Amino acid sequence: MDYRIYITSLLLLMAAFLGCSSSEKTVSETENMVQEETQPDERISLNINEAVYFDFFKYDTTWTGELTVYTLNAEGEKVVQSEYVSAQDSSWNDFDLFVDFLKLYQIQPQNEIDGWVPDSGQLPRRVYSFEVFDGDTTRSYSYQDPENDLRDYWEAQNLLTFVTFVQNDLRWVEK
């Protein structure tokens with residue numbers, strides 16, 4: 001009789017274990033599906049001097065953004081100073097046109113521009129780091145003090161035009 005209870009308990013335990021692992025698989029599959037559904041169609045990340053971070057996301061035809069500003073606390077640790085999200089207003093209507101017109105997905109890294117020579121005499125004052133995802137490919141590039149190259153390179157002009165646009169023309173609201 002003890003033998004039957006042992007076998008029954010073992011079978012119930014195995015059934016419970018199989019049921020749990022099966023539900024874990026389903027949860028994992030569901031999480032993957034949700035992550036795939038929430039992946040943006042396009043994405044642009046811009047970081048300025050490791051202190052100001054802009055993240056832009058395009059879902060269908062609508063762009064939204066997040067802006068995070070960091071500062072250093074008394075211990076010298078990087079902490080969030082303020083967080084903003086894109087305002088739901090008309091200032092965002094032309095964002096897609098700016099991205100296309102400024103060719104943000106085609107800009108090459110500064111060090112790959114024909115004829116560009118770094119200014120090795122001083123440390124850069126401003127570093128702009130981009131990561132762009134056009135729906136198929138993710139690319140990264142950065143520029144050091146692009147204002148020095150405005151006259152010579154369209155890439156520097158377009159990059160700074162974009163930075164000016166997102167800082168001055170887009171409206172942000174506190175998170």
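Leu67 sits in strand β3, which runs over residues 62–72. In this predicted model, Leu67 has a relative accessibility of 10% and therefore counts as buried. Once its neighbours within four places in sequence are set aside, Leu67 is in contact with Val52, Tyr53 and Phe54, with Ser82, Glu83 and Tyr84, and with Trp172. Take a moment to find Trp172 in the view: it lies 105 residues from Leu67 along the chain, yet the C-alpha atoms of the two are separated by 7.9 Å.

With that residue as a starting point, let us step back to the whole chain. The protein has three helices and seven strands, and along the sequence they follow the pattern α-β-β-β-β-α-β-β-α-β. Among contacts between residues at least 6 apart in sequence, 55% join residues at least 24 apart, and the Leu67–Trp172 pair, 105 residues apart, gives you one such contact to look at. Of the 175 residues in the protein, 30% are buried. The accessible surface comes to about 12000 Å², and carbon and sulfur atoms hold 51% of that surface.

How far should you trust what you see? The average pLDDT of the protein is 83, with 78% of the residues scoring at least 70. Residues 10–28 have a pLDDT below 50, and this stretch makes zero contacts in the model beyond near neighbours in sequence. The same description holds for residues 30–35: the pLDDT is below 50, and there are zero contacts beyond near neighbours in sequence.

Now move to strand β1, residues 42–48, where you will find Arg43. Is Arg43 buried or exposed? At 18% relative accessibility it counts as buried, because the cut-off for that class is under 20%. Beyond four places in sequence, the contacts of Arg43 include the aromatic residues Phe56, Phe57, Trp63, Tyr105 and Phe133, together with Glu131, Val132 and Thr138. Phe57 is 14 residues away along the chain, and its C-alpha atom is 4.7 Å from that of Arg43.

One of those contacts deserves a second look. Side chains of opposite charge can pair when their charged atoms come close. Arg43 and Glu131 form a salt bridge, with 2.8 Å between the closest N and O atoms. This pair links distant parts of the chain, since Arg43 belongs to strand β1 and Glu131 to strand β5 (residues 127–133), 88 residues apart. Their surroundings can be set side by side: Arg43 is buried at 18%, whereas Glu131, at 30% relative accessibility, counts as partly exposed.

How many salt bridges are there in total? The count comes to six. Another one joins the side chains of Lys58 and Asp96, at 3.3 Å from N to O. Lys58 lies in strand β2 (residues 52–59) and Asp96 in helix α2 (residues 95–101), so this salt bridge ties together parts that are 38 residues apart in sequence. Lys58 is buried, with 10% relative accessibility, while Asp96 is partly exposed at 23%. Lys58 and Asp96 are also linked with Glu42 in a network of salt bridges.

A further salt bridge is found between the side chains of Asp89 and Arg171, with an N to O distance of 2.6 Å. Here both partners are in loops: Asp89 lies between β4 (78–86) and α2, and Arg171 lies between α3 (154–169) and β7 (172–174), so the pair ties together parts 82 residues apart in sequence. Asp89 counts as partly exposed at 24% relative accessibility, and Arg171 is partly exposed as well, at 46%.

Arg171 follows helix α3 in the chain, which makes that helix a good last stop. At 1.5 Å a residue, the 16 residues of α3 should span 22 Å, and the end C-alpha atoms are 21 Å apart, which agrees. Which residues of α3 are buried? They are Glu155, Ala156, Asn158, Leu159, Leu160, Phe162, Val163, Phe165 and Val166. As you read that list, it helps to recall that an α-helix has 3.6 residues a turn, so residues three or four places apart point the same way. The cover over the buried residues of α3 includes strands β1, β2, β5, β6 (138–144) and β7, along with helix α2. Two of these elements are already familiar from the salt bridges: β1 holds Arg43, and α2 holds Asp96.

Technical notes: Residues numbered from 1 in each chain as written. Predicted model: local features only at pLDDT ≥ 70, side-chain atom pairs only at ≥ 80, totals over all residues. Heavy atoms only, no water. Helix = DSSP H or I, 4+ residues; strand = E, 2+ residues; numbered from the N terminus. Buried < 20%, exposed > 50% of the residue type's maximum accessible area, 1.4 Å probe, protein only. Contact = heavy atoms within 4.5 Å. Salt bridge = Lys/Arg side-chain N within 4 Å of Asp/Glu carboxyl O. pLDDT = per-residue confidence, 0-100. Expected span 1.5 Å × (residues − 1). Areas by Shrake-Rupley, 256 points an atom, 1.4 Å probe, with all protein chains shown as cover.
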